[in-house]
Amino acid sequence: MIKKAITIFLSILIGCCGVLLLGCGTTHIAATNIKPYYSDYLSAKINTIKSIQKEHEITESFFFITDLHWEANHQHSPYLVKQIMEKTGINKINFGGDYIAQDYPNTQDALNWMKKCIQSFDVAEKYAILGNHELNTQHWRDTPQISYKDSSMAVNGSRFDIPYYYVENSDTQVVSIYLNSNDLPNNEEQKQWFINRITSYDDNWTALIFTHMFYTNINDEGALLHTAGEALNNLIVSSRDNIKCSVAGVFSGHIHADHMTTFDDYYTATATMCDSSIVYTLSEYDRSYKTTNDQAFDVVQIDTSSKHVYLTRIGAGIDREYCF
């Protein structure tokens, strides 16, 4: 009887408060239902996505979510993704890295937060790349570094042997290439692997490239390239004569802001604003809590026949599109 009473009390307490006390010392609400302020807004966005599906020959569709910093996040995005998935049939997420917000003295805590982040999204296909936070490399508290292998296992399980990999769809002839930007500048093996992979497809194929770090801080002259972005750009441009497939774009995060640049009149690299709480956002957009701006991710739809990419923004930011 006492045990039952305690259980009821805790259920009421959690239901009334609805808060999570986080390791970073902040408090955020864990979303279990759609928030009223998202209702009409989300309906309009779903109509936009469905219109694109109807009016164009969409070959590839997915959610692109990056820099979630999960323990500091308002955590509404899984429910938003679920609502969109149920209305549109889009059932794939490509994650852009940085699933945790801070370094952890106990690395298992960090790995557990990574798993919680990925597992919060109930979709059929999930593919994740590593950001810089997954490695405990900030060393804010002399924290131990986490290995690529352990971080990769936390976000992708045992599906891939190394933290860079590719996924082919022979029906649509689309290949997604997932890079580990943490060591791309100095990892000759990964560089050669990338060149071998992207030059192995004929002109019937389309390639998508995912990397966490491509741009670095934005200044008055625009976004600067990260060393990983410089390395990737050099690889793509120098191999251009041998790349027969279409490059539909490079998708990245890291800078917590939206950005888009076309390089060498050949391929476009986008950065998508982070899906984290306002305290981790460096963007020019309002990120007020309890508004439709308190989350941010893209629904990406690609028409490989007309070579067009549509990015419909859910949350802070604007819709974008480009040709390739």
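Where in the chain is the place of Lys290? Keep that question in mind while you look over the whole model, which is a predicted one, and then select the residue to find the answer at the second stop.

**The whole chain**

Begin with the protein in a cartoon view, where you can follow seven helices and 16 strands. Of its 324 residues, 53% count as buried, and the protein exposes about 14600 Å², of which carbon and sulfur atoms supply 49%. If you consider the contacts between residues at least 6 apart in sequence, 68% of them join residues at least 24 apart.

**Two lysines in loops**

Now select Lys290, whose place is in the loop between strand E13 (267-271) and strand E14 (296-303). The phi angle of Lys290 is near 65 degrees, which is a positive value in a residue other than glycine, and Lys290 is exposed, with a relative accessible area of 52%.

Next, move along the chain to Lys307, which lies in the loop between E14 and strand E15 (308-315). Lys307 also has a positive phi in a residue other than glycine, here near 55 degrees, while its relative accessible area of 29% makes Lys307 partly exposed.

**The six-stranded sheet**

Select the strands on either side of Lys307, E14 and E15, and then add their companions until you have the open sheet of six strands, which runs in the order E5-E4-E3-E14-E15-E16 with mixed pairing. Strand E5 (125-128) and E16 are the edge strands, each of them pairing on one side only. Neighbouring strands of this sheet are turned by 20 degrees against each other on average, with direction ignored.

With the sheet still selected, show helix H3 (residues 77-88), which packs on the sheet and touches strand E3 (60-65), strand E4 (92-95), E14 and E15. The direction of H3 makes about 30 degrees with that of E14.

In general, the strands of a sheet pair through backbone hydrogen bonds, either parallel or antiparallel. Which of these senses do E15 and E16 use? E15 and E16 pair in the antiparallel sense, over four bridges, and you can locate one of the pairings by selecting His308, whose bridge partner in E16 is Cys323.

**Salt bridges**

Side chains of opposite charge can pair when their charged atoms come close. In this model the count comes to eight salt bridges, and the next selections bring up some of them.

Select Lys45 and Asp319 first, whose side chains meet in a salt bridge with an N to O distance of 2.8 Å. Lys45 lies in helix H2 (residues 39-55) and Asp319 in the loop between E15 and strand E16 (320-323), so this pair ties together parts that are 274 residues apart in sequence. How buried or exposed are the two partners, Lys45 and Asp319? Lys45 counts as buried, because its relative accessibility of 13% is under the 20% cut-off, whereas Asp319 counts as partly exposed at 38%.

Then select Arg313 together with Asp258, whose side chains meet in a salt bridge at 2.9 Å, again N to O. The pair links distant parts of the chain, since Arg313 is in strand E15 and Asp258 is in the loop between strand E11 (246-252) and strand E12 (259-263), 55 residues apart. Both Arg313 and Asp258 are buried.

Keep Arg313 selected and add Asp298, which forms a salt bridge with Arg313, the closest N and O atoms being 2.7 Å apart. Here strand E14 holds Asp298 and strand E15 holds Arg313, with the two residues 15 apart in the chain. Asp298 counts as buried at 0% relative accessibility, and Arg313 is buried with a relative accessible area of 0%. If you now add Arg320, you have a network in view, for salt bridges that share partners join Asp258, Asp298, Arg313 and Arg320 into one.

**A buried glutamine**

For the last stop, select Gln190, whose place is in helix H6 (residues 188-198). Gln190 is buried, with a relative accessible area of 0%. Show its surroundings as sticks, and, leaving aside residues up to four places away in sequence, you will find that Gln190 touches Tyr164, Leu179, Asn180, Asp183 and Leu184.

Notes. Residues are numbered from 1 along each chain as its sequence is written. This is a predicted model: local features need pLDDT of at least 70, side-chain atom pairs count only at pLDDT 80 or more; totals for chains, interfaces and linings use all residues. Side-chain values use heavy atoms; hydrogens and water are left out. Buried means under 20% relative accessible area, exposed over 50%, partly exposed in between (1.4 Å probe, protein chains only). Contact means heavy atoms within 4.5 Å. Accessible areas come from the Shrake-Rupley method with a 1.4 Å probe; for residues, only the protein chains shown count as cover. A salt bridge is a side-chain nitrogen of Lys or Arg within 4 Å of a carboxyl oxygen of Asp or Glu. Two strands pair if DSSP finds at least two bridges between them. Axes are lines fitted to C-alpha atoms, for helices over the stretch in contact, and angles run from 0 to 180 degrees between N-to-C directions.
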